[in-house]
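User: I should like to learn how to read the features of a protein model in order, from the whole chain down to single residues. Please take me through one.

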Amino acid sequence: MLPDRTTSPSRLLAHPARLVPAAFLLAILLGTALLMLPAASAAGTTTGILVALFTATSAVCVTGLVVVDTATHWSGFGRGVILLLFQLGGFGIMSGATLLGLLVARRLRLGTRLVAQAETRSLALGDVGAVLRLVLATTLAVESAVALLLAWRLRATLGLGWAEAAWHGLFHAVSAFNNAGFSSFSDNLVGFARDPLILGPVAAAVMIGGIGFPVLFDLRRDPRHPARWTLHTKLTLLGTAILLPAGCLAVLFYEWSNPATLGALPPLDRVTNAAFHSVILRTAGFNALDIGQMHDATLVASYALMLIGGGSAGTAGGIKVTTFVLLGLVVWAVARGEVDTTAFRRRVPHEAQREALSVVLLAVGLVGLGTLLLLSLTELPLRDVIFEVVSAFATVGLSTGITADLPPAAQAVIIALMFVGRVGSITVATALALRGRHSPYRYPEERPIVG
């Protein structure tokens with residue numbers, strides 16, 4: 001009897017929606033093995049598998065949650081491995097492999113384009129090659145520029161040698177652009193809360209990396225004619241223009257007089273740190289303020305901003321800005337009694353609306369399940385647990401300080417949330433399905449009562 005060619009392992013893994021999670025998993029396992037080497041730890045001893053797996057997952061999934069101090073636990077080799085892992089995770093394993101093939105062969109096969117499109121979520125199949133070239137050029141340009149600025153500033157303020165300053169600058173530049181949130185300092189960026197020349201370049205790199213490469217591609221192709229931008233670009237920029245000031249104002253309103261956060265800073269530094277925190281909530285993971293000392297209201301606002309995340313096909317996580325804005329437009333259309341959902345004189349197809357709804361419902365379900373599991377496994381406060389779960393799923397990396405105190409089973413839950421959050425709920429669900437089915441018939445329509 002001949003094997004079923006449609007369900008053979010090679011054909012199942014050849015599908016982009018299955019190959020992307022597999023590639024990320026392979027990178028995590030390889031990173032875990034490297035971090036377990038004695039050379040990777042500062043003490044020269046073998047790191048436990050759970051710590052290594054947690055760190056590798058957090059790096060590849062560009063999250064930034066850690067169970068050990070990055071600056072003191074890992075050696076130079078270990079920190080180099082972590083940097084490489086979050087560079088690969090941010091750049092996109094499939095994007096990198098496809099770009100390599102493009103540079104060698106100077107052309108893309110159809111199958112390779114499909115794999116790249118699954119990772120980059122480019123708007124058209126023909127744009128994949130140009131998007132990937134833009135990925136590489138933007139990555140090198142932004143990371144190099146920010147690394148130089150940070151190295152100069154760190155040398156000037158901390159009195160470091162050029163080699164050490166360059167290393168710290170490079171580490172933070174790559175981490176910022178990839179929205180990873182890893183820092184080579186034990187207190188992250190708390191020591192630079194009054195230094196806008198450190199916070200500014202980091203925030204700029206976070207925004208450029210998190211806005212999404214299709215948006216950068218659109219802006220580069222036609223920067224002076226907004227009317228020619230795609231609907232995706234317009235929705236992303238609109239959502240970003242609303243959410244960033246909203247996050248800044250929320251932090252200022254709730255934390256202005258909190259002596260443990262903004263209250264201890266001069267007025268101008270309060271505004272700077274509120275703006276920086278609003279940017280970081282888009283899934284970057286750096287912190288210049290003590291998150292654990294923030295008021296409950298600030299954390300609730302942070303839940304929402306972290307879950308929304310950044311732009312599609314960038315280095316940010318979350319459900320994405322476009323998804324959030326699109327669902328808002330759907331609600332607006334329903335409230336006005338309109339059949340079609342429109343934006344910028346364009347009608348949004350029903351398929352996109354269904355995808356957005358699916359992404360949000362899956363995200364809410366996974367966050368709810370993760371919260372229940374952590375509450376069952378720990379005795380930590382609800383506010384800290386929700387923050388940790390949302391931060392993991394949205395690949396943010398911020399924490400109220402409970403990550404290292406989680407029991408092994410709870411850390412395993414966080415690892416799973418980071419992986420699913422980076423790869424994408426829809427991609428994981430598709431990867432688990434053996435094959436798609438199209439029904440040859442449709443049932444009679446009947447309308448249920450809604451609301």
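Analyst: We begin with contacts, in what is a predicted model. Among contacts in the chain between residues at least 6 apart in sequence, 69% join residues at least 24 apart.

User: How many helices and strands are there in the chain?

Analyst: The chain holds 19 helices and two strands. Of its 451 residues, 52% are buried.

User: What area does the chain expose, and what share of it do carbon and sulfur atoms supply?

Analyst: The exposed area is about 21600 Å², with 66% supplied by carbon and sulfur atoms.

User: Which residues make a nonpolar surface patch?

Analyst: W152, W162 and L197 form such a patch, of about 360 Å². Patch members must have over 30% relative accessible area, and nonpolar side chains are joined within 5 Å. One of the three, W162, belongs to helix α9, which covers residues 162–177.

User: How far apart should the ends of helix α18 be?

Analyst: The expected span is 1.5 Å times one less than the number of residues. Helix α18 (residues 408–423) has 16 residues, so 22 Å is expected; the end C-alpha atoms lie 23 Å apart, which agrees.

User: Is α18 mostly covered or mostly uncovered?

Analyst: Burial is judged by relative accessible area, with under 20% counting as buried. By that criterion α18 is mostly covered, with twelve of its 16 residues buried. Among them are A410, Q411, I414, F419 and R422.

User: What backbone feature appears just after α18?

Analyst: There, G424 adopts a positive phi of about 110 degrees.

Technical notes: Residues numbered from 1 in each chain as written. Predicted model: local features only at pLDDT ≥ 70, side-chain atom pairs only at ≥ 80, totals over all residues. Heavy atoms only, no water. Patch = residues over 30% accessible without salt bridge, like charges linked within 9 Å, V, L, I, M, F, W, Y side chains within 5 Å. Areas by Shrake-Rupley, 256 points an atom, 1.4 Å probe, with all protein chains shown as cover. Salt bridge = Lys/Arg side-chain N within 4 Å of Asp/Glu carboxyl O. Helix = DSSP H or I, 4+ residues; strand = E, 2+ residues; numbered from the N terminus. Buried < 20%, exposed > 50% of the residue type's maximum accessible area, 1.4 Å probe, protein only. Contact = heavy atoms within 4.5 Å.
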